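Please find below my notes on the model under review. They are set out as numbered points, beginning with the hydrophobic interior.

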Amino acid sequence: MSSRFAPHPTRTAPVRGGETAIPQGIPGIPRQATGQTRTWTPPHPLNLALTLGPLRRGPADPTFRITPDGSAWRATRTPQGPGTLRVAVRSGTVEAEAWGEGAAWLLDQLPQLLGEADDPTAFTPRHRLLATTEHRRPGLRLTRTGLVLESLIPSILEQKVTTDEAYRAWRLLVRKFGEPAPGPTPEQLRMHVMPDPRTWTLIPSWEWHKAGVDNKRASTILRATRVAARLEEAAAMAPLQAQARLELIPGIGPWTSAETVQRSNGAPDAVTVGDLHLPGIVGFALAGDRTADDEEMLRLLIPYEGQRHRAARLILLSGHTPPRREPRMRKTNIAAW
């Protein structure tokens with residue numbers, strides 16, 4: 001997740017809480033073939049941009065795209081193989097189309113992806129700021145992808161670097177070692193499915209270096225991909241159990257595990273600790289204290305236990321953040337060393 005501070009260090013929550021602009025009513029990019037389809041009418045308001053926004057790792061993420069007709073395109077690796085999913089909301093009905101070996105799996109998981117298992121009524125705002133923000137965004141749902149590695153690897157890449165560095169590394173590695181997304185995705189989107197676990201382990205050390213990934217993060221990813229099947233099981237666990245399993249891997253701590261289960265498990269209480277800016281943002285929003293640390297942030301979020309991640313997202317979406325200061329994290333480019 002990234003904050004509104006330049007140059008956007010990544011150990012923080014997503015820009016404006018993961019809000020992604022989705023245009024409406026503009027002619028789309030023509031497609032050439034029909035995949036498997038499904039329609040679903042959610043029993044609740046649904047804001048596609050807010051719900052799927054946290055899955056996008058930067059504006060040039062090769063696994064996630066928004067087209068001018070308001071469709072969200074997602075390329076991923078499912079338990080059945082690679083798949084591409086296109087989702088759009090028309091007059092309150094979700095229209096989905098999928099291609100590839102993982103098409104059926106993606107369509108089966110569509111309601112969960114769009115927040116069917118999420119229960120916003122469990123959240124009771126105790127601050128006017130959160131009440132106002134929740135009222136203005138009734139379509140916010142917490143996504144649940146059911147996939148661990150696709151969120152874990154980019155979260156590891158985001159450890160202790162700026163968002164620009166992390167997004168660049170993810171983009172370069174997926175494009176070079178992944179595979180083109182199945183189906184008739186528009187050519188100009190350049191969508192790719194991330195590499196499978198074995199391919200991650202075969203990436204040469206100099207390619208990690210060229211992507212700007214230091215040995216510590218690369219080694220953590222390699223350790224995770226070697227036990228990928230066991231980690232993927234965490235998607236069916238309770239969030240705390242899922243985090244505990246992820247943290248058995250050296251190099252994966254509470255920050256990385258929380259960032260992962262927020263997406264893979266739709267965890268409403270997985271608040272991100274160990275973040276560079278989030279404590280100050282929460283402290284400023286709830287108590288006027290931009291110097292708050294993790295301990296103080298958790299104290300302020302006590303009224304929201306069980307829903308602390310949702311509370312943090314609403315705070316970010318409110319735009320009520322501290323005035324900017326000089327960035328505390330410098331950009332580094334190890335590829336130039």
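1. In this predicted model, the largest nonpolar core comprises 32 residues. Those with the most contacts inside it are L152, L157, L173, W200, W208, V213 and L231. Two or more residues each come from α5, α6 (163–177), α9 (215–226), α10 (228–232), α11 (239–246) and α12 (254–264). The greatest contribution is that of α5, which supplies 5 residues.

2. W208 deserves a separate remark. Beyond its neighbours within four places in sequence, W208 is in contact with L173, W200, I203, V213, A218, I221 and L222. Of these partners, L173, W200 and V213 are also listed among the core residues with the most contacts.

3. A second core, separate from the one above, has 20 residues. Its members include A72, V94, A96 and L113.

4. Helix α5 spans residues 149–157 and is mostly covered, with 9 of its 9 residues buried. The buried set contains nonpolar residues such as L149 and I153, but E150, S151 and S155 are also buried.

5. How are the strands of the open sheet ordered? The sheet has 5 strands in the order β1-β5-β4-β3-β2, and their pairing is antiparallel. Strands β1 (36–40) and β2 (64–66) occupy the edges; each has a single partner strand, so one side of each lacks a neighbour in the sheet. From one strand to the next, the twist averages 20°.

6. Within this sheet, β3 (residues 72–78) and β4 (residues 81–90) are joined by 7 bridges in the antiparallel sense. T76 is placed opposite G83 of β4.

7. Is H192 buried or exposed? This residue belongs to strand β7 (residues 192–193). H192 counts as buried because its relative accessibility is 14%, and the cut-off for burial is under 20%. A polar atom of the H192 side chain lies 3.2 Å from the backbone oxygen of R190. Leaving out residues up to four places away in sequence, H192 touches P62, T63, A75, V174, R175, E179, P180 and A181.

8. Some overall figures complete the account. The protein has 15 helices and 7 strands, and buried residues form 55% of its 337 residues. Among contacts with a separation of 6 or more, 70% involve residues 24 or more positions apart. The exposed area is about 14500 Å², of which carbon and sulfur atoms supply 51%.

Definitions and conventions: Residues are numbered from 1 along each chain as its sequence is written. This is a predicted model: local features need pLDDT of at least 70, side-chain atom pairs count only at pLDDT 80 or more; totals for chains, interfaces and linings use all residues. Side-chain values use heavy atoms; hydrogens and water are left out. Two strands pair if DSSP finds at least two bridges between them. Helices (H or I, at least four residues) and strands (E, at least two) are DSSP runs, numbered from the N terminus. Axes are lines fitted to C-alpha atoms, for helices over the stretch in contact, and angles run from 0 to 180 degrees between N-to-C directions. Buried means under 20% relative accessible area, exposed over 50%, partly exposed in between (1.4 Å probe, protein chains only). Contact means heavy atoms within 4.5 Å. Accessible areas come from the Shrake-Rupley method with a 1.4 Å probe; for residues, only the protein chains shown count as cover. A polar contact is a pair of N or O atoms within 3.5 Å; within protein, one must be able to donate a hydrogen and the other to accept it, and residues adjacent in sequence count only if both atoms are side-chain atoms. A nonpolar core is a set of buried Ala, Val, Leu, Ile, Met, Phe, Trp, Tyr and Cys residues joined through side-chain atoms within 4.5 Å.
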